[in-house]
Amino acid sequence: MLAGLPSRKKIAQLILSDTPSRDTFAAWQHLRATRGLRLPAPRLSAAQWRTLPLRRRDDYDTYRQMTNVNLPLQQTPMTQKVSRLIDRRCKANTRKKGRPDPGWRHGQPLGPAR
């Protein structure tokens, strides 16, 4: 039933291995060459999953998250707008360096009065 699921040791190695940065040509070539080695976890029904021993359930869930969650982000007008907004806010927050703590306004602490 779990023919495509790696051993517990292999899953641990995948989790603990360093992910090469993608900002160099060599690292990008390595990623392109090896990204197909992680095959998705086999698809199980809820009944099949319940028949697994507890440790293999954990292995299955972990490996499924590793292989199925990494979907590419689509560039839509909404994601571009959100990215610009977050970028602006991050830049604005870095410019606030040296100003008073934002938790204090006009000498009054934010939150309920004591």
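This is a short group-meeting talk about one predicted protein model.

Okay, hi everyone. So, what you see up there is a predicted model, so keep that in mind. Let's start with the overall layout. The protein has 5 helices and 2 strands, and from the N terminus the order goes α-α-α-α-α-β-β. There are 114 residues in the protein, and buried ones make up 14% of them. As for the outside, the protein exposes about 10,300 Å², with carbon and sulfur atoms supplying 57% of that. And if you take contacts between residues at least 6 apart in sequence, 65% of them join residues at least 24 apart.

Now, let's zoom in on helix α4, which is residues 54–68. That's 15 residues, and from first C-alpha to last the helix reaches 21 Å, close to the 21 Å expected at 1.5 Å a residue.

Which residues of α4 are buried? They're D59, Y60, Y63, M66 and T67. Look down the axis of α4 and those buried residues fall within an arc of 135 degrees, so they line one face of the helix. It helps to remember that an α-helix has 3.6 residues a turn, so residues three or four places apart point the same way.

And what do the buried residues of α4 pack against? That would be α1 (8–16) and α3 (46–51). Turn to the face away from the buried side and you find the exposed residues L54 and Q65.

Last stop: the surface. M78, V82 and I86 make a nonpolar patch of about 290 Å². M78 lies in helix α5, residues 77–95. Why does M78 count as exposed? Because its relative accessibility is 57%, and exposed means over 50%.

Okay, that's me done!

Technical notes:
Residues numbered from 1 in each chain as written. Predicted model: local features only at pLDDT ≥ 70, side-chain atom pairs only at ≥ 80, totals over all residues. Heavy atoms only, no water. Helix = DSSP H or I, 4+ residues; strand = E, 2+ residues; numbered from the N terminus. Expected span 1.5 Å × (residues − 1). Buried < 20%, exposed > 50% of the residue type's maximum accessible area, 1.4 Å probe, protein only. Arc of directions from axis to C-beta. Contact = heavy atoms within 4.5 Å. Patch = residues over 30% accessible without salt bridge, like charges linked within 9 Å, V, L, I, M, F, W, Y side chains within 5 Å. Areas by Shrake-Rupley, 256 points an atom, 1.4 Å probe, with all protein chains shown as cover. Salt bridge = Lys/Arg side-chain N within 4 Å of Asp/Glu carboxyl O.
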